[in-house]
Amino acid sequence: MPTDTTPSDLLGVDLTAVRDWMDTQGLGSGEPTAVSPIGGGTQNIMIGFERSGVRYVLRRGPKHLRPQSNRVMQREMTLLRALSGTAVPHPIFVAGCEDTHVLGAVFYLMRAVDGYNAAETLTPAHGADRTLRHRMGLSMVDALTELARLDPAAIGLSNFGRPEGFLERQVGRWLGELESFTHLPGYPTVLLPQVERIASWLDDNRPPQGAPGILHGDYHVANVMFDRVAPTVVAMVDWEMATVGDPLLDLGWMLAMWPDADGEPDLLESRLTAAGGLPSRAELIARYAANSDRDLSAIDWYTALAGFKLGIILEGTYARSLSGQAPTDVGDRLHRYALLLFERTLRSID
C-alpha cells in the first residue's frame, strides 16, 4: 500500500535526488508522495509515487548493479519511446536519465498503468466469471500479435537487435550461459536433465526464420497488466529482454509456461490459471493464426526453445543463490520451475 510519508531513500532510490531531477525536467513540483515499492520482478527496482497529481513509476537496475544493468535500462527507454503511438499495450514513457551521478544508475519514469497483475490476484469481476478469464487469455495473444506485426525499422528500431541468424544463435548462446554457471562456487556441475539431448533436437529441427519483428522476450501472465473490469491487456511490462528477432519465440514462451489442463497451475502458479476457464494451448495458437500471417507449423519447436532458454535463465538465479549471490528461497523456487520446464520440453520432443 502507498505510504503517507516519503522516505528520502527507498530501496536504494534517493527520492530527494529524483525530486531535484524532475524539477529540471519540468515534471511537477513539491515532494514525491504516496511512495511505495512495486514488486513482481526478481532483479530490477521499481518505485511508485505521485507528484503534482500524477502517478509515476520509476524503474532502475538492481541495488547492486550488474555489468549490463544500465545498458538494459537504456534499451528499455529506447523501446518504450518507439512504441509510443502504436496499438501495442505498453506503459507510457515519460523521461529518462542516463547520468549515473543522479541515482548511481540509469533510470526512467513511466506513467503508472491503471491495471493489475493477475498472477498475484484477481479482481472480483474476473474471479467470478470463467468467460472473462477465457477472454483474458485470448487478449494476451492479441497483444502479442500487435507487437509482432510492427516493422522495427518503421518505428526507429533498425539497430535494436541482430535478427540475422537469430534462431541459429540461440542454442549455442544458452549452452554457453549454462556452462558459465559451473564457475560459480556451489554449482560445480549442471543440474538440469538431458541438456545436450534437447540442444541437439533444437539444432536438428530448427525451422527457417520468419520476417524480423520485435520480441518482448519474457512473455507470461506476470508480465502483463489487465484492465480491472474488462478482460483485456492494458500493458505489457518488464521489457528488459526485448530485442528484434523471430517473434514466434514470444508465443512459444507463453505456451511453454501455460497450464497443461484447465484449472491446473501454470509454471508461475498464478492466481489466473488456478481459477480455471482459460483457453487451451490449441486455442491460443488458433487465435494467433487468425490475426497473423506468420507460419505456425513449427510452433512446437519454438515452445521447446522457449522452455530450454527460460529454464537456463531461471537456473542462473539458482546457481547464484548457491554461491550466496541471490536469496536461497528464490533460487530454490526458480530451480524447481527450471526442472519443470525441462521435463515439459523433454516430453514434447519424445
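Q: Why is Pro 185 called exposed?
A: Its relative accessible area is 56%. Exposed means over 50%, buried under 20%, and partly exposed in between, with a 1.4 Å probe and protein chains only. Pro 185 at 56% is over the exposed cut-off, so it earns the word.

Q: What kind of model do these values come from, and which cut-offs apply to it?
A: This is a predicted model, where local features need pLDDT of at least 70 and side-chain atom pairs count only at pLDDT 80 or more, while totals for chains, interfaces and linings use all residues. Residues are numbered from 1 along each chain as its sequence is written, and side-chain values use heavy atoms, with hydrogens and water left out.

Q: What is the average confidence of the chain?
A: The average pLDDT is 94, and 96% of the residues score at least 70. That score is the predictor's confidence in each residue, from 0 to 100. Please read residues 1–6 with care: pLDDT stays under 50 there, and the model has 12 contacts beyond four places in sequence for them.

Q: Where does Pro 185 lie?
A: Pro 185 is in the loop between helix 6 (166–181) and helix 7 (195–204). Helices (H or I, at least four residues) and strands (E, at least two) are DSSP runs, numbered from the N terminus.

Q: Which residues is Pro 185 in contact with, beyond its neighbours within four places in sequence?
A: Contact means heavy atoms within 4.5 Å, and Pro 185 has such contacts with Leu 322 and Ser 323. Glu 343, 158 residues along the chain from Pro 185, has its C-alpha 26 Å away.

Q: How do you know that Leu 322 and Pro 185 come together in space, and what is their C-alpha separation?
A: Their C-alpha atoms are 7.2 Å apart, although 137 residues separate them in sequence. Leu 322 is in helix 11; outside four places in sequence, it is in contact with Pro 185, Gly 186 and Tyr 187.

Q: Why is Leu 322 given its exposure class?
A: The relative accessible area of Leu 322 is 36%, so the class is partly exposed.

Q: What makes Gln 194 worth a look?
A: Gln 194 has a positive phi of about 50° although it is not a glycine. Most residues other than glycine have a negative phi. Gln 194 shares the loop between helix 6 and helix 7, and its relative accessible area of 42% makes it partly exposed.

Q: Which element holds Ala 34, and is Ala 34 buried or exposed?
A: Ala 34 is in strand 3 and counts as buried at 16% relative accessibility. Ala 34 also has a positive phi of about 50° without being a glycine.

Q: How do you know that strand 3 and strand 4 pair?
A: Two strands pair if DSSP finds at least two bridges between them. Strand 3 (residues 33–37) and strand 4 have three bridges, in the antiparallel sense, so the condition is met. Pro 37 has Ile 47 of strand 4 as its bridge partner.

Q: How many bridges join strand 4 to strand 5?
A: Seven bridges do, and these strands run antiparallel, with strand 5 covering residues 54–60. Gly 48 stands opposite Val 57 in strand 5. Two residues lie between the strands of this hairpin, where Ser 52 takes a positive phi near 50°.

Q: Why is strand 4 called largely enclosed?
A: Six of the seven residues of strand 4 (residues 45–51) are buried, so the rest of the structure largely encloses it.

Q: What makes helix 8 mostly covered?
A: Helix 8 (residues 248–257) has 10 of its 10 residues buried. Its cover includes helix 5 (130–148), helix 10 (281–290) and helix 12 (328–349).

Q: Why is Tyr 337 called buried?
A: Its relative accessible area is just 3%, so Tyr 337 is buried. Tyr 337 is in helix 12 and touches Leu 267, Leu 268, Glu 269 and Leu 314, not counting residues up to four places away in sequence.

Q: How do the residues lining the largest cavity divide?
A: Seven are nonpolar, two polar and one charged. Ala, Val, Leu, Ile, Met, Phe, Trp, Tyr, Cys and Pro count as nonpolar, Asp, Glu, Lys and Arg as charged, and the others, Gly among them, as polar. The lining includes Met 140, His 220, Trp 258 and Asp 266. A cavity is a set of points on a 1 Å grid over the protein atoms alone where a 1.4 Å probe fits but cannot get out, and lining residues have an atom within 4 Å of a point.

Notes:
1 Å grid on protein atoms, 1.4 Å probe; cavity = no way out; pocket = protein on both sides within 12 Å on 5 of 7 lines; lining within 4 Å.
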